[in-house]
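Ready for a few hands-on exercises? Take a look at the predicted model below, then work through each task before reading its solution.

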Amino acid sequence: MEDWPGYFQSVLGKGPRETLIAALDSFAQEGVTHGLGVDIAAGEGRDSLELLRQGWRVVATDNHPDAFPLLWSRVPEELKPRLATVEVDFGEMQVPGCELVNASFALPFCCPEDFPGLWSRIVAAIRPGGRFAGQFFGDRDTWASLPGRTHHSRDEVLKLLEGFEFEMMNEEEKDDPPDLRSPKHWQIFHVVAKKR
Ligand SMILES: C[S@@+](CC[C@H](N)C(=O)[O-])C[C@H]1O[C@@H](n2cnc3c(N)ncnc32)[C@H](O)[C@@H]1O
């Protein structure tokens, strides 16, 4: 999973994550059709592209040098002024005040030492009425035992988002088919939450 260039190639061209779409739909229902979205660990940029297409300004972050060339090369010329990319590690990243923090399949890859600081910067950055969208990996997920990963129980996810109203809290738990090269157990929380 940490062959990031291989991962970027395997997902290149795929559509936006369902959590992002749900958050954007909720904004649209409130008449909010644009704002600033911070796309944390944006990777090759599937969600950043969607935010731009839907009229949002985007700050995309990732620490891998291969990520942003793949994003910029796919951004239409007229949308480029609304995109900024920052190559930065979770531990150092600042989060500008924004309407949306989008962290799709991102935060579990933050090391436990850096997670509390990053999470408090995320919460502080989201304006009242703004949203968090993204995934957390559960404590029963196979990767929970890997060093440098941050996984959460359901109760811990609920606690992290105290002060938010949940609009999506879907728990997915499944096993890979045994014939896969490295089958694993997945426990994923798909979350969209609105800051009060
Ligand atoms: C599973 S990918 C998710 C990419 C994209 N958000 C998506 O939904 O497909 C995880 C991303 O985390 C980034 N990443 C891993 N460790 C990181 C770190 N310490 N600081 C910042 N980004 C990191 C990787 O480069 C990769 O783009």
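A pocket here is an open set of grid points with protein on both sides within 12 Å along at least five of seven lines, and its lining residues have an atom within 4 Å of a point.

**Exercise 1. The largest pocket**

Find out which residues lie nearest the centre of the largest pocket, and which elements give two or more residues to its lining.

Solution.
- Step 1: Start with the volume of the largest pocket, which is about 470 Å³.
- Step 2: Go on to the lining, which is made up of 28 residues; Trp4, Ala41, Asp62, Phe90 and Ala106 are those nearest the centre.
- Step 3: Assign the lining to elements. Two or more residues come from each of helix H1 (4-11), helix H3 (46-53) and strand S2 (57-62), and H1 gives the most, with three residues.
- Step 4: Sort the lining by chemistry. There are 14 nonpolar residues, five polar and nine charged.

**Exercise 2. Two backbone angles**

Determine the sign of phi in alanine 41 and in phenylalanine 105.

Solution.
- Step 1: Recall the usual case: most residues other than glycine have a negative phi.
- Step 2: Check alanine 41. Its phi is near 55°, a positive value.
- Step 3: Place alanine 41 in the chain. This residue sits in the loop between strand S1 (36-39) and H3, and it counts as partly exposed because its relative accessibility is 21%.
- Step 4: Check phenylalanine 105. Here phi is near 45°, again a positive value in a residue other than glycine. The residue belongs to the loop between S4 and H5.

**Exercise 3. Rings that meet**

Work out how phenylalanine 105 and phenylalanine 137 are arranged: stacked, tilted or edge-to-face?

Solution.
- Step 1: Count the aromatic pairs in the model; there are 13.
- Step 2: Look at the pair in question. The centres of phenylalanine 105 and phenylalanine 137 are 6.2 Å apart and the planes are at 65°. An angle over 60 degrees counts as edge-to-face, so this pair is edge-to-face.
- Step 3: Trace the pair along the chain. Phenylalanine 105 is in the loop between strand S4 (98-103) and helix H5 (115-125), while phenylalanine 137 is in strand S5 (residues 126-137), so the pair links distant parts of the chain, 32 residues apart.
- Step 4: Check burial. Phenylalanine 105 counts as buried because its relative accessibility is 19%, and phenylalanine 137 counts as buried because its value is 0%.
- Step 5: Widen the view. Ring pairs join Trp4, Tyr7, Phe8, Phe105, Phe109, Phe137, Trp143 and Trp186 into a cluster.
- Step 6: Add the charge. Lysine 184 lies over the face of tryptophan 143, at 3.9 Å from the ring centre, and also over the face of phenylalanine 137, at 5.9 Å from the ring centre.

**Exercise 4. The two sides of a helix**

Identify which residues of H5 are buried and which are exposed on the other side.

Solution.
- Step 1: List the buried residues of H5: Phe115, Leu118, Trp119, Ile122 and Ala125.
- Step 2: Look at their directions. They cover an arc of only 130° around the axis, which means that they are on the same side of H5.
- Step 3: Turn to the other side of H5, where Pro116 and Ala124 are exposed.

**Exercise 5. A long reach**

State how far aspartate 179 is from glutamate 92 in space.

Solution.
- Step 1: Locate aspartate 179 in the loop between strand S6 (164-175) and strand S7 (185-195). With 68% relative accessibility, this residue counts as exposed.
- Step 2: Read off the separation. Aspartate 179 and glutamate 92 are 40 Å apart, C-alpha to C-alpha, and 87 residues apart in sequence.

Terms used:
Residues numbered from 1 in each chain as written. Predicted model: local features only at pLDDT ≥ 70, side-chain atom pairs only at ≥ 80, totals over all residues. Heavy atoms only, no water. Phe/Tyr/Trp six-rings, centres within 6.5 Å; stacked < 30°, edge-to-face > 60°. Helix = DSSP H or I, 4+ residues; strand = E, 2+ residues; numbered from the N terminus. Buried < 20%, exposed > 50% of the residue type's maximum accessible area, 1.4 Å probe, protein only. Lys NZ or Arg CZ within 6 Å of the ring centre and 35° of its normal. 1 Å grid on protein atoms, 1.4 Å probe; cavity = no way out; pocket = protein on both sides within 12 Å on 5 of 7 lines; lining within 4 Å. Points joined across faces, edges and corners; volume = space filled by probe spheres on them. Nonpolar A, V, L, I, M, F, W, Y, C, P; charged D, E, K, R; others polar. Arc of directions from axis to C-beta.
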